[in-house]
Amino acid sequence: MSPRAPQEIRSDDVLKVLEDDQLVVAKESVHLGLRRFSPALRFTLWALRIYVVLMLVVIAVEVVRTVR
Amino acid sequence: MDDARWDPKGPGAADASPLITHEDLDRARDRLAVDRARQSGGFRALRVFWLLLGPGILVFLGENDAPSMLSYAATGAHFGIGFFLPFVLVTFLVGFVVQEMVLRLGAVTHRGHAELIFDRFGPFWGWFAMGDLALGNFLTLVTEFIGVRAGLGYFGVPPLVAVGGALALMLLIAMSGRYWTWERATLTLAAFNGLFIVVALLAHPNFAAIGHAFLTWGPMPALNGNMLLLLVSDVGATVTPWMLFFQQSSVVDKGLQPRDINSSRVDALLGTFLAALFGIGAIVACAPLFIHGVSAGNFQGAQFAQALRPWIGPVGAALFALGIAEAGLVAIITISTSSAYAFGEVLHSGHSLNRPLREAWPFYAVLLLSGILAAALVLLPGAPLEYIILIVNVIAVLAMPPALLFVLLLVNDPAVMGEHRNGPWANILGGGIAALLIGIGLFYGLTVAFPHLIGS
């Protein structure tokens, strides 16, 4: 079974079966606002960013060591 | 959600039809079919599920990619049947917990993961997330092409033909102009991941040992550098950033809604168990190499197949090589699509498989370019390919904690999720998984900095 059966579809049907914010024009015109960052959240984001960078350095060291 | 919602039935939008795009029409067709299936007679639940399944199975079978299957193969060859069998099942359950959150995000917000991160956290943090995704996806794509080249190389297919053919097939499926067609074609290819179960059966596994492994988590291998690398790599074979971006965007592209969340959970759970089963199949298939003391230090797909041939026969070896090629091919499709979705969302250009090329050429350009660059790198000779494959999975684990933090923040955001936000148990599990991944990463880092902490 495939969803090809209802080939003919009217704009009324589109508005009926899709939720309002599911339409492309709605998604393009409405944006969620930025959330407020608490100091704790900001610290966590930076800590994880530093963690990723340090770990990438660790991997680079491991790769160089193995290749040599 | 912003209070200023767009109302297609409100004043100023009396004639909504000009605002309805080709993408909306295709998505509405899919939704109408689901609605009709819900009102139909016999086997209604089955029909509805058939229409709604896809993103969950695809994300997990897509993650059973070439590096993952080779990581499982290496695990079986190094450690045989034991601790890693239940361990792999648990890593997939961890993957399910994470993916359940993103499928909810997609169904409730109708926005992709990259779009949500940029909207709620701004471009500064958004571009960091995109950087992690781009680097991880590119390196992983390289390894997928390595898998295709190695798998098809077993049958004598020249590297250029294997890599070019995979690229062409990826484009052909993507250019169908319809999410539904793309999804079903990719699902059909993904079903061949089950070849690893056939190969496992051809290896005449010791079912008593398998049962013992699941009951006792043993035999437990000695902790050394090799074991730790495979352990981190096996975790990276089930939880990676691209999975978050892919599943959320494909849920949106498929047009799923909050009332579909339970069906989507079943879809993801089915994908979880199928992927775990096939991954465990790869471990069991390669256990004869451990039993007979064959060193699999730098094996690629075709070499595993060659080495296994005395125990699984020529048909089993051919199926193993085909399975590696298939795993790479499906992941090439899903991973490059996740890159295309994410960049389309961030650049505010068309980002749907329901859009034709002329309406969403940047989306298809990212799809094509990421594939071409990765394919070109694979054709360069002389790289330590097996090692690259394991390292790619390790990078995936290390990049996961910040990605998981964004998921947890978004899925707990009442302005985004409303009544569908996380409950306490989901937060405990999600937070625990993030802590576990950080712990594994830090331990791995310590063993690299201080190799004498554990044996080599």
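Colleague: Which element of chain A has the lowest mean pLDDT, and which the highest?

Modeller: pLDDT is the predictor's confidence in each residue, from 0 to 100. Helix 1 (residues 11–17) of chain A has the lowest mean, 81, and helix 3 (residues 39–67) of chain A the highest, 87. Helices here are DSSP runs of H or I with at least four residues, numbered from the N terminus. Chain A averages 82, with 87% of its residues at 70 or above. This is a predicted model, where local features need pLDDT of at least 70, side-chain atom pairs count only at 80 or more, and totals for chains, interfaces and linings use all residues. Residues are numbered from 1 along each chain as its sequence is written, with chains lettered from A and ligands numbered from 1 in the order written.

Colleague: Is A:Val52 buried or exposed?

Modeller: A residue is buried if 20 or more other C-beta atoms, placed from the backbone, lie within 10 Å of its own, exposed if 12 or fewer, and partly exposed in between. A:Val52, in helix 3 of chain A, is buried because it has 20 C-beta neighbours inside 10 Å.

Colleague: What does A:Val52 touch?

Modeller: Contact means C-beta atoms, placed from the backbone, within 7 Å. Leaving out residues up to four places away in sequence, A:Val52 touches B:Asp132, B:Leu398, B:Ala399 and B:Pro402.

Colleague: How many residues does each chain bring to the contact?

Modeller: Chain B brings 57 and chain A 42. Helix 1 of chain B gives the most to the side of chain B that touches chain A, eleven residues.

Definitions and conventions: Helix = DSSP H or I, 4+ residues; strand = E, 2+ residues; numbered from the N terminus. Contact = placed C-beta atoms within 7 Å.
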